[in-house]
Amino acid sequence: MIHPDAVLTSISPAVGLGLVAIRPLPKGTLIWVHDALDRILTPQAMASLPSQFAALKARFTYRNQNGYYVLAWEDARFMNHSCDSNCALTPFN
């Protein structure tokens with residue numbers, strides 16, 4: 001589940017869509033929490049998907065601490081990489 005103060009917007013033509021905060025969020029604020037609708041895929045399941053999904057897999061999944069791929073079902077999949085990040089992933093079970 002994505003934080004209510006994070007909204008989907010156009011970042012740039014090169015980047016596409018991304019999430020931004022519409023107000024300052026205090027340090028330690030949870031921005032996204034894994035929920036039951038998010039997909040957890042094993043490396044084998046990812047490899048077995050048809051090749052036409054390759055670009056989507058690369059863009060919209062990340063690997064968790066167990067080596068599984070996570071695909072968020074809602075706007076969290078648009079969280080962007082940052083070279084100067086001000087948030088971090090919190091492990092979940």
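Q: Which residue in S5 stands opposite Arg-63?
A: This is a predicted model, in which local features need pLDDT of at least 70, side-chain atom pairs count only at pLDDT 80 or more, and totals for chains, interfaces and linings use all residues. Residues are numbered from 1 along each chain as its sequence is written, while side-chain values use heavy atoms and leave out hydrogens and water. Strand S5 (residues 69–71) runs antiparallel to S4, and two bridges join them. Opposite Arg-63 stands Tyr-69.

Q: In what order do the elements of the chain run from the N terminus on?
A: Helices (H or I, at least four residues) and strands (E, at least two) are DSSP runs, numbered from the N terminus. The chain has two helices and five strands. From the N terminus on, the order is β-β-β-α-α-β-β.

Q: Which strands stand at the edges of the open sheet?
A: Strands of a sheet pair through backbone hydrogen bonds, either parallel or antiparallel; here two strands count as paired if DSSP finds at least two bridges between them. Three strands make up the open sheet, in the order S3-S5-S4 with antiparallel pairing. Each edge strand has a single partner, so one side of it is left without a neighbour in the sheet; these strands are S3 and S4 (62–63).

Q: How many bridges join S1 to S2?
A: S1 and S2 form a hairpin with three residues between them. Ser-12 stands opposite Gly-16 in S2. The two strands run antiparallel, and the number of bridges joining them is six.

Q: How far apart are the closest N and O atoms in the salt bridge between Arg-23 and Asp-5?
A: A salt bridge is a side-chain nitrogen of Lys or Arg within 4 Å of a carboxyl oxygen of Asp or Glu, and the structure holds one. Arg-23 is in the loop between S2 and S3 and Asp-5 in the segment before strand S1 (6–12), so the pair ties together parts 18 residues apart in sequence. The closest N and O atoms of Arg-23 and Asp-5 are separated by 2.4 Å.

Q: Is Asp-5 buried or exposed?
A: Buried means under 20% relative accessible area, exposed over 50%, and partly exposed in between (1.4 Å probe, protein chains only). Its salt-bridge partner Arg-23 is partly exposed, at 45%. Asp-5 has a relative accessible area of 14%, so this residue is buried.

Q: Which residues does Asp-5 touch, not counting those up to four places away in sequence?
A: Contact means heavy atoms within 4.5 Å. Asp-5 itself lies in the segment before S1. With that exclusion, Asp-5 touches Val-20, Ala-21, Ile-22, Arg-23 and Leu-25.

Q: Which residue's backbone oxygen does the side chain of Thr-29 reach?
A: Thr-29 lies in the loop between S2 and S3 and is partly exposed, with a relative accessible area of 26%. Its C-alpha atom is 8.8 Å from that of His-3, 26 residues away along the chain. At 2.6 Å, the side chain of Thr-29 reaches the backbone oxygen of Pro-26.

Q: What percentage of the 93 residues in the chain is buried?
A: Among contacts between residues at least 6 apart in sequence, 58% join residues at least 24 apart. The share of the 93 residues that is buried comes to 25%.

Technical notes:
A polar contact is a pair of N or O atoms within 3.5 Å; within protein, one must be able to donate a hydrogen and the other to accept it, and residues adjacent in sequence count only if both atoms are side-chain atoms.
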